[in-house]
Amino acid sequence: MPKILHIGQLIGGLDIYIRNTITFSDNRFDFVVVRGEKDNSAPIKKDGKHIKEYQVKLFRRLNPFIDFICLVQIIRIIKKERPNLIHSHSAKGGFVGRVAGFLTNTKTLYTPHAFSFLSTDKKLTRFYYVLMERMLKLNSYLLACSESERQLGIKTIGYKEKKALLWSNAVSDASLYLNDEKSLFNDSYVCYIGRPSYQKNTFFLIDVIKQVVKEIPDFKIYLLGVGHHSPDLSRLKILIKENKLDSNIALVPWVSQNEVLSYVNRARFYLSVSRYEGLPLSVLEAMSLSKPLIVSKVNGNIDCVENGENGYVLPLEPSLFVSKIVEMWNSSEKREYFGKMSKKRFLNDFDVIKRIKYLEKIYTELSSSL
């Protein structure tokens, strides 16, 4: 039975990704999870049993001393558990996971969930992050979560084609298990899931909404996921007040997954203006709920949305977003057509029940190869 050791913080989309890979994989695999000691998500269960977990000093921020302790902790766990394969996730989990895999001679997969160098527009910082990614390839395989992320890994980081693998993000069909509390929602609105941050491009969103409300005074958007790790939240609240958008933009803190999906389910369409993505689970969940989409033209988004087919993929120019938001808001025919195509595309390409077999194949082949 191949043993797979996941390393990553069980927070947000990464929590869903790791939970899905374990829950929907068959029983040929033995899973162990290494997570941050302050992660607050529920333990992972499979067939009613808790998956073995270890909590270590794995934190988002760089701290050489703490990170070294974390590395030592993980090496000890690897020597104890003797996994066939390590699957490391995101910037910090990917860093300590790849180094630990190299030092213990354990085969290692790395899924960036959006490379770290995408998180800044400062040339020197970006250069440093790219350099670190190149150095940390070591003996790892890239397991990209979208084809656009895979191509970025090959062209920018220097992964060889044979060591650059792909398993596109996939989620459950939310329409099959959603318990929608209809009484919560009384008006027409749009949804965007994303903490106020550089990645989610929150200030750009304000510029867009300012123009939209000139044409649609009662336009409303729910910005979901506001709370944890939201560096731009204070500034966002000031801008909403300064621009008199209090009745147009509603900030919703972290709530249950069912409540998030209930908001999305009753939205006219789903919007994303992010600067970068790996492959956004929120967009996939919106697709599973038959939502039309208006998204930024960045890696990850372009793997989900085909322009003019299940929505619009737009360069980050406010006027283009304003035009398409107004158009989509006013056209029930377009929303109906794009929604149907979103569902079709989801079922073909992103349903985890259908897609998990491809990840199982990767796990099996790498676990059994020398």
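Ser-172 is buried in this predicted model, because its relative accessible area is 17%, and the cut-off for burial is under 20%. The residue lies in the loop between β9 and β10. Leaving aside neighbours within four places in sequence, Ser-172 is in contact with Phe-24, Tyr-177, Ser-288, Phe-346 and Val-352. One of these partners, Val-352, is 180 residues away along the chain, yet the C-alpha atoms of Ser-172 and Val-352 are separated by 5.6 Å.

The contacts of the whole chain may be considered next. Among contacts between residues at least 6 apart in sequence, 68% join residues at least 24 apart. Buried residues account for 56% of the 370 residues in the protein.

The overall dimensions follow. For 370 residues, a compact globule would have a radius of gyration near 21 Å, and the protein agrees with this expectation because its own value is 21 Å. Along the principal axes, the C-alpha atoms fill a box of roughly 60 × 45 × 35 Å. The secondary structure within it comprises 13 helices and 15 strands.

Two of the helices can be examined in detail. Helix α5 spans residues 147–157, and its buried residues are Ser-148, Glu-149, Arg-150, Leu-152, Gly-153, Ile-154 and Ile-157. The charged types Glu and Arg, as counted for this protein, are thus represented in that buried set by Glu-149 and Arg-150. The buried residues of α5 pack against α4 (123–135), β8 (141–144), β9 (164–166) and α10 (301–304). After α5 comes Gly-158, which has a positive phi, near 95°.

Helix α6, residues 202–215, contains 14 residues. From its first C-alpha to its last it reaches 21 Å, close to the 20 Å expected at 1.5 Å a residue. Its buried residues are Thr-202, Phe-204, Leu-205, Ile-206, Val-208, Ile-209, Val-212 and Val-213. An α-helix has 3.6 residues a turn, so residues three or four places apart point the same way. The cover over the buried residues of α6 includes the strands β10 (190–193), β11 (221–226), β12 (249–253) and β13 (270–272), and also the helices α7 (233–242) and α11 (318–330).

The surface and the charges complete the description. The protein exposes about 17000 Å², of which carbon and sulfur atoms supply 53%. It carries 55 positive and 38 negative charges, and the mean positions of the two sets are 6 Å apart.

Methods. Residues numbered from 1 in each chain as written. Predicted model: local features only at pLDDT ≥ 70, side-chain atom pairs only at ≥ 80, totals over all residues. Heavy atoms only, no water. Helix = DSSP H or I, 4+ residues; strand = E, 2+ residues; numbered from the N terminus. Rg over C-alpha atoms; globule rule 2.2 N^0.38 Å. Buried < 20%, exposed > 50% of the residue type's maximum accessible area, 1.4 Å probe, protein only. Contact = heavy atoms within 4.5 Å. Areas by Shrake-Rupley, 256 points an atom, 1.4 Å probe, with all protein chains shown as cover. Charge placed at Lys NZ, Arg CZ, Asp CG, Glu CD. Expected span 1.5 Å × (residues − 1).
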